[in-house]
Amino acid sequence: MLKVRSGDLDKMGLLFHRYHRPLYGFLFHMTQHREASEDMLQNVFYRMLKSRHTFTGEGEFRTWMYFIARNVIKDHQKKVRREPGTYDVTDFAEKIGAGVRTDELVEHKLEVKALQKALEALSPESREVLILSRFQDLRHEEIARVLDISTGAVKVRVHRAINQLKELYMQDETEKR
Amino acid sequence: MECAYDKTLLPLLLNDQLSDSEREAVEVHVAGCAECRQELEANKRLWALMGAIDTPEPPSGTLIRFNAMLDTYKSSTDATYSPSTEAQGKKGPGILERLRQLFTFQPGFAIAYSLLLVIAGIGLDHWISRPANADTGKDTQQLAVLATQVSEMREMMMKSLLQNPSASERIRGVSYTSEIATVNKGVVEALLTTLNNDPNVNVRLITLEALTHYAGNPVVREGLVQSILQQESPLVQAALADVMLKLQEKNAIRPFKKLLQQKDLNILVRDKVQAAIARLS
């Protein structure tokens, strides 16, 4: 990224290659919307290009990227609130296309689905720390820098988020039975 | 029974956030405390299950879109910085000023152009409303002169717009060609140069579209075929494959085959070119 900053814009392609998958995953888990996630993905890279001068090189590139991604998500959510009524088509397609396989697989799949639902029901604040630490494999110090809070606060948030998630998940399971 | 142990430490075991000694300390406590053990086990199960939630892959066009964005961004920064800095480096301030004048959009052109159209309109009106007489020959001659002047004016304007540092002005220049009734060599050359050399991918795409209208012209066809190997952007390569297919241009097969030999060719473009070759031969 420091090379990009000093004017070698082609190096951005390398960064895109390396990080676009995990970043897309983060955007998707935060918004549950594939198309919007792709738009936001492009947007994050565009903003990084535009504000490359603000990258100091002190922190890691990853934390800076997620920091920008959070702002893009915030802007996206503001926009969505203004113009509601967009649905993810692929979501419906998945629901229609869900076939039946062996019982065990179905059982496992249902569990995962329920957990996913619980994750979606979490408050954004809690969901964020869980996604960053479970799916993006960020260390707590890194998460602290992304969120601009102390490492201790991250520890508390992760603990609280796991408990909330557990609760929501159990609730869903008992409702079914 | 409520264990007073700091439970926020428990999740730290899951994602490996602790040093060896810290981890040992937590493990020792958990081994002796059923409550914490239970919580840890539940957390572990949840954590493992979370791993099974799938994360979708980004859609296939993502990379192309990113590259297009990067190209556009690069050309937009080039356009704002390079002309002035280059000129400053090589030539004195007087030339810089003149260069600037040349490259900036001059409203004078637009006014002159519209005035000319008004005059042409009045001339046309005179010619139509006047009864046929001996002067007709002279009028027609004048009109023909006016018409050529108008089209020369358009051509000049188009060419000056194509030199503009702003991509949107260049696109405007390309779109002027649709108003020029008969394309001459100069226009075709200007368009082909833009198609092969313009730094902005959008300008190149628009130029390609404009050129397709003149595909009846053998020079244009030849130029398009030659352009295949000059293009680096996957978007333009794919568009050229479409155009060649539409024109049924068999001469394009050879450059396409050469294109396929390039190792770093975009996979989507590769498919497209292969399909085009198959349908052309």
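Across the chains of this predicted model, nine aromatic pairs turn up; here, rings of Phe, Tyr and Trp (its six-membered ring) pair if their centres lie within 6.5 Å, and planes under 30 degrees apart count as stacked, over 60 as edge-to-face and the rest as tilted. One of them brings together A:Tyr46 and B:Tyr73, an edge-to-face pair with 5.9 Å from centre to centre and 85° between the planes. Since A:Tyr46 sits in helix 3 (residues 34–50) of chain A and B:Tyr73 in helix 4 (residues 62–90) of chain B, the pair joins two chains. Helices (H or I, at least four residues) and strands (E, at least two) are DSSP runs, numbered from the N terminus. A:Tyr46 is partly exposed, at 33% relative accessibility, while B:Tyr73 is buried, at 11%. For these words, buried means under 20% relative accessible area, exposed over 50%, and partly exposed in between (1.4 Å probe, protein chains only).

A:Phe55 and A:Phe61 also make an edge-to-face pair, with 6.3 Å between centres and 75° between planes. Both rings belong to buried residues: A:Phe55 has 6% relative accessibility and A:Phe61 has 9%. Ring pairs tie these two into a cluster with A:Tyr19 and A:Trp64.

Residues are numbered from 1 along each chain as its sequence is written, and chains are lettered from A and ligands numbered from 1 in the order in which they are written. Local features need pLDDT of at least 70, side-chain atom pairs count only at pLDDT 80 or more, totals for chains, interfaces and linings use all residues, and side-chain values use heavy atoms, with hydrogens and water left out.

Chain A has nine helices and zero strands. Of its 177 residues, 45% are buried. When contacts (heavy atoms within 4.5 Å) between residues at least 6 apart in sequence are taken, 67% of those in chain A join residues at least 24 apart.

Chain B has a mean pLDDT (the predictor's confidence in each residue, from 0 to 100) of 80, and 85% of its residues reach 70 or more. Residues 81–92 of chain B fall below 50, and this stretch has eight contacts in the model beyond near neighbours in sequence. Helix 9 (residues 185–197) of chain B runs for 13 residues and reaches 18 Å from its first C-alpha to its last, close to the 18 Å expected at 1.5 Å a residue; that expected span is 1.5 Å times one less than the number of residues. Its buried residues include B:Val187, B:Leu191 and B:Leu195.

Then there are the charged pairs. Counting a salt bridge as a side-chain nitrogen of Lys or Arg within 4 Å of a carboxyl oxygen of Asp or Glu, the total is 16 over all chains. A:Arg47 and A:Asp75 form one at 2.7 Å, N to O. This pair links distant parts of the chain, with A:Arg47 in helix 3 and A:Asp75 in helix 4 (residues 61–82) of chain A, 28 residues apart.

In chain B, B:Lys159 and B:Glu155 meet in a salt bridge at 3.2 Å, N to O. These two are separated by about one helical turn because they lie four residues apart in helix 7 (residues 136–162) of chain B. B:Lys159 is partly exposed, at 32%, whereas B:Glu155 is buried, at 13%.
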